Amino acid sequence: MENLFKYLQSLTEFSEKSWELLQPALSEKQYKKNEFLLKEGAVCTTLFYIGQGYCKSYYDKNGEVKNTGFFFENEIATNISSFGTGTASEFNMVACEPLQVIVFDKKKLFEAAQQSAEIEALGRNCIRVFATKQEEFANLFKLYSAQERLEYLENKYPEIIQRVALSQLASFLGVARETLSRIRKRRLSK
């Protein structure tokens with residue numbers, strides 16, 4: 001919980017009093033590798049602060065997995081659209097290794113936000129951080145080749161390169177595993 005408190009303070013001014021008000025909305029949970037945090041078709045009613053491990057978001061289109069995001073320690077994972085609107089999630093979220101999270105319960109979080117302007121500001125800042133990262137990755141796919149996307153991840157998000165399996169990374173980059181292998185081999189031979 002201490003790491004979460006520090007993380008929240010990095011996002012916005014956040015006092016001990018607001019931290020105390022937030023406590024009823026928080027609970028710790030562990031997921032096994034390959035266990036779902038969120039299934040397609042379910043409504044997302046939680047934010048997941050990653051304490052240890054990582055998870056991914058993905059679409060399953062006719063049995064083919066399309067990875068859309070990876071969430072590591074000291075990040076919040078959620079389906080922001082489903083969480084905000086109460087609509088069904090269009091994608092899945094699953095633990096990629098044993099995962100320890102702190103779960104924010106939506107109803108209790110909103111109740112706490114009514115009691116504290118800092119918690120309300122925190123919510124806005126969490127949405128901003130999440131949306132900024134989504135936009136960053138969307139632009140990555142609009143503007144860059146697969147090799148340039150790989151280089152970008154190597155420079156800005158090395159944990160993705162270091163921890164995510166090659167087949168999962170290829171799916172995220174939008175290329176076949178063999179293509180990613182060729183790109184990596186070509187870059188190493190330079």
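A crossing of two helices is called left-handed if the near helix is turned anticlockwise from the far one by less than a right angle, and right-handed if clockwise. In this predicted model, helix H6 passes helix H8 in a right-handed crossing. Helix H6 covers residues 146-156 and helix H8 covers residues 166-173; their axes come within 10 Å and cross at roughly 115°. On the H6 side, the contact is made by Arg149, Leu150 and Leu153. On the H8 side, Leu169, Phe172 and Leu173 take part.

The strands considered next belong to an open sheet. Four strands form this sheet in the order E1-E8-E3-E6, and the pairing is antiparallel. Strand E1 (26-31) and strand E6 stand at the edges; each has a single partner strand, so one side of each is left without a neighbour in the sheet. Strand E8 (residues 99-105) pairs with E1 over six bridges in the antiparallel sense. Within this pairing, Ser27 has Val103 of E8 as its bridge partner, and Gln30 is matched with Gln100 of E8. Strand E3 (residues 46-52) is likewise joined to E8 by six bridges, and the two run antiparallel. Here the bridge partner of Tyr49 is Ile102 in E8. Strand E8 is largely enclosed by the rest of the structure, because five of its seven residues are buried.

The UniProt record, an unreviewed entry, places the feature "domain: Cyclic nucleotide-binding" at residues 10-109. Over residues 10-109 the chain is 19% helix and 44% strand. The C-alpha atoms at the two ends of this stretch are 19 Å apart.

Side chains of opposite charge can pair when their charged atoms come close. With a cut-off of 4 Å between a side-chain nitrogen of Lys or Arg and a carboxyl oxygen of Asp or Glu, the count comes to seven salt bridges. One of these joins the side chains of Lys66 and Glu64, with an N to O distance of 3.1 Å. Lys66 has a relative accessibility of 38% and therefore counts as partly exposed. Glu64 is also partly exposed, its relative accessible area being 45%.

A further salt bridge is formed between Glu75 and Lys133, whose closest N and O atoms are 2.7 Å apart. This pair links distant parts of the chain, the two residues being 58 residues apart. Glu75 lies in the loop between strand E5 (64-71) and strand E6 (76-77), whereas Lys133 lies in helix H5 (residues 117-143). Both Glu75 and Lys133 are buried, that is, each has under 20% relative accessible area.

Helix H5 also holds the salt bridge between the side chains of Arg124 and Glu120, at 3.5 Å from N to O. Arg124 and Glu120 are separated by about one helical turn, because they are four residues apart in helix H5. Glu120 is partly exposed, with a relative accessible area of 43%. Salt bridges that share partners also join Glu73, Glu97 and Arg163 into one network.

Technical notes:
Residues are numbered from 1 along each chain as its sequence is written. This is a predicted model: local features need pLDDT of at least 70, side-chain atom pairs count only at pLDDT 80 or more; totals for chains, interfaces and linings use all residues. Side-chain values use heavy atoms; hydrogens and water are left out. Buried means under 20% relative accessible area, exposed over 50%, partly exposed in between (1.4 Å probe, protein chains only). Two strands pair if DSSP finds at least two bridges between them. UniProt positions are given in the numbering used here, feature names are shortened, and annotations may be inferred rather than shown by experiment. Axes are lines fitted to C-alpha atoms, for helices over the stretch in contact, and angles run from 0 to 180 degrees between N-to-C directions. Contact means heavy atoms within 4.5 Å.
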